[in-house]
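Let's take a friendly look at this structure together. Keep the 3D view open as you read.

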Amino acid sequence: MSRQTQTLLGFDRLRKEYFGVPAVTDLVLDVPVGQVVGVIGENGAGKSTLMNMIGGVVPPTSGQMFWKGQAYAPRSPGDATMLGIAFIHQELNLFTNLTIAENIFVDGFPTRFGLIDRAEMRGKTQALLEQLSLDASPDTMVDHLAPGERQLVEIAKALHRDAELIIFDEPTTSLTPRETARLFETIERLKADHKTILYISHILSDVERLSDRIVVLRDGELVAEGPTDEFDIPRMITAMIGRELSGLFPKRSAKPRGETLLSVQGLSQPGVLDNVSFDIRAGEIFGLFGLMGSGRSEMARILFGLDPYAAGTVTLNGATLAGSVRDRIRAGMAFVTEDRRAEGLMMDASIMDNLSLVSIERFGRTPVALLDEKAIAAKTEALKSDIQIKAGSIAVQPVRSLSGGNQQKVVIGKWLINEPALFILDEPTRGVDVGAKYEIYALADRLAAAGNGILFISSELEEIAGVCDRVMVMNRGEVMGTFDAPPFVDTEILALAFGEQAKTREVSA
Amino acid sequence: MRLFLSDYFVLYLSLAYFFALVPFLPTLSNPANLANVLSNMWPLLVVAIGQTFVLTIAGIDLSQGSVVGFTSVVAAMLLATTASPDVLSNAPIWGIILTEEGGPLGHTSFGIPLAILIMILVGAAIGAFNGFAIAQFQMPPFMVTLVTMIVISAFAIFLTQSENIRNLPEQYILLGKGDIVSIYLGAQDESRIPRREIYSLITYPMVIAISVAIVAHLLLNRTVFGKQVFAVGTNRKAAEISGVPVRRIIVLVFTISAVCATIGAILYSTRLEAGRPTLGEGNFLLDVIGATVIGGTSLFGGKGKIIWTVFGVFFFVLLSNTLNLMNLSSFHIDMVKGSVIVAAALLDVWRTRLMREMNA
């Protein structure tokens, strides 16, 4: 068969079940040599399970894998690495306390007379870094590198091990647009060197741009596969979710009202924020766009009382806020943080415990009085059906077992019992699949329609343009300008974000 | 699998262990021995309950043993009815607090409750200091409580020059040794019942320890405070952002730990009929943390139950008792205890992983 020469990795009726429930169902697929294959699907579609089988992390329940025509049954991740399979993960696996060269050679240092041969290590690393146009010394601590540069180090590590198949799993989540562009150039170059790439991402436009072929998984099954030319984004979405989505963004159901809800005047903190002022009206979704390091998340933390500030005032509903997080929550603020695992959720605690955490003090007359457990159950159950968290028993099921979208609904939901007035949503759709994104936008719209204010922070231009009433752009801690009404033009927003002075003057600075 | 994850796993394990050993160690099931196992259990349980709170917020309290020793001395120097100058005249408290007529509260009617109140305040102050240093200055609990342990136990030894303070009032001693209900299992027609055939059924330490356990259970599982303790232990950052008063919780948890140690000190020192500065030294801390971890409370925080600690302490006391009955030397006993604690820690890791896999 010609299959042996052209196919690098093949799957024949590959199946994986967990507790009798199939995660990957009888997958038949060939990955051709030297191509970029985009793998898309909602969370829970079976992408991670498939990758875990390729990487030797879990064994298949039945079916076979082939590597260059030979049966391939890795027993450990080491087997996969030996054959030439490399993973570039969302969370990078680098030792930040070691240098670039040490990271690349960490599984086998070159030695001379029993000692590590630093000269050879440095030389080889230098060559790899040049190949990837990463302008850094091999002796640089990984700690000092930006996320995009760290990823290049991971790629260098893969090249050093002569990887033939490189699997990218959501590689752009923590990259700036510039770093992303550079990653794409690198991937093009890898392809030119006849490396085979599997590219997994939720960002469909990236997949469309990079891939030669596209593979769509849904509920563990292969639902569509073919050359990228045959796909456009609507077709990808239809294949992924199994139905047509009326649009990527819901229509706004109400207009912002007149009165000012939040007023920020002259907020400054040396090195972080410089004289930031803006207002958010009741019923308004106020977008904040900025690149990494623009100060957008730092400002959110300051607004919420988590970090100090040197000057300025924050007024909510006419009352000037000072002091701690608890005071701000009492005044009506809610904060959905960027990193829901580290700062938003108690992953191993139940959905109910998570949903009731913020408002728990309402359910006991004093801190040591017995809780009104019936009321907690009733409130959280009502919340679950209200914001449509897809889960079994909320009293038992831990948040860890939910999909990304449902986890994010829990993070938003835990504020709702307290009925706050202002929501700070920092990257609320990060790592969430298309269907759940839509639901989160719809929830934001509903909260705004009820008269709340929403500060919507995002680094995804399309969603900022799609859901917000106004958009403010920050760069290096300064407000570059505010767009007062749609349509919002990508290029204009980006130009401001990169620090170029606005030429268009519908912008009010 | 389900059994392994059950709340009662350690209880089943203890019972299995008990019935497996009874054929080889017949004395094990003697009423006298069982009463002994229980009487060893209560003071350790009270102290371990305090440790359970601390482990639940992912902390550790190494100072509990020194609090036991120090507060036992505080109560004894206030309550002693007489004191011997031959033993204590070198102590810095001699002549100031303690004299040949005993302590200042030794002959007063309200002395015992007042002395207990004072010792609990002293214990609470030590715990609050630990908690404050940890919460306010972000110092690691290991370091803070280690230093507290060294300083407090040194201070206790200094106060009495390492001597025990004896001659405690009868009423006070009752708290550690007194029976409320006793049973006699011997022949009914005996004219005089020999003392050694009367077995304690319900004792003061039992009532005290079980009351502490019930209050602690309600506090940890069914109050705002308890929910916030779990939140701090599960994800401190998320708790802070969700408006949990993280620092206050930490201070209170370490205070509870030290107060539990103080109640433990009442039970231990009254059993010994003396205030002893070195009461909580040696392997005491190993017993406390070991029993708590065996019960299933995680050293990583966020996972702890009072009922687990009850069973963990029971298993641990049973283990010590059987090893004693086997006539092993104390070195061997500690070696076995150490291995069991390692096994429990390993079990903790496995259980956590198993639970995650079942939910994944």
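## A word to start with

Two strands count as paired if DSSP finds at least two bridges between them. Keep in mind that this is a predicted model.

## A sheet in chain A

Let's begin with one pair of strands. In chain A, strand β21, covering residues 470-475, is joined to β22(A) by five bridges, and the two run antiparallel. Which residue of β22(A) is the bridge partner of A:V473? That partner is A:G481.

Now zoom out to the whole sheet. This open sheet of chain A has six strands, in the order β18-β19-β20-β15-β21-β22, with mixed pairing. At its edges are β18 (333-336) and β22 (478-483) of chain A, each of which pairs on one side only. On average, neighbouring strands of the sheet are turned by 20° against each other, ignoring direction.

A helix packs on this sheet too: α10 of chain A, residues 296-303. Helix α10 touches β15 (285-289), β18, β19 (422-426), β20 (453-458) and β21 of chain A. The direction of α10 makes about 150° with that of β19(A).

## A helix in chain B

Next, find helix α9 of chain B, residues 204-222. This helix has 19 residues and spans 27 Å from its first C-alpha to its last, close to the 27 Å expected at 1.5 Å a residue.

Which residues of α9(B) are buried? They are B:Y204, B:P205, B:I208, B:A209, B:V212, B:A213, B:A216 and B:L220. These residues lie on the same side of α9(B) because they cover an arc of only 160° around the axis. An α-helix has 3.6 residues a turn, so residues three or four places apart point the same way. On the other side of α9(B), B:S211 and B:I214 are exposed.

Note on methods:
Residues are numbered from 1 along each chain as its sequence is written. Chains are lettered from A and ligands numbered from 1 in the order in which they are written. This is a predicted model: local features need pLDDT of at least 70, side-chain atom pairs count only at pLDDT 80 or more; totals for chains, interfaces and linings use all residues. Helices (H or I, at least four residues) and strands (E, at least two) are DSSP runs, numbered from the N terminus. Axes are lines fitted to C-alpha atoms, for helices over the stretch in contact, and angles run from 0 to 180 degrees between N-to-C directions. Two residues are in contact if their C-beta atoms, placed from the backbone, lie within 7 Å. The expected span of a helix is 1.5 Å times one less than its number of residues. A residue is buried if 20 or more other C-beta atoms lie within 10 Å of its own, exposed if 12 or fewer, and partly exposed in between; C-beta atoms are placed from the backbone. The arc is that of the directions from the helix axis to the C-beta atoms.
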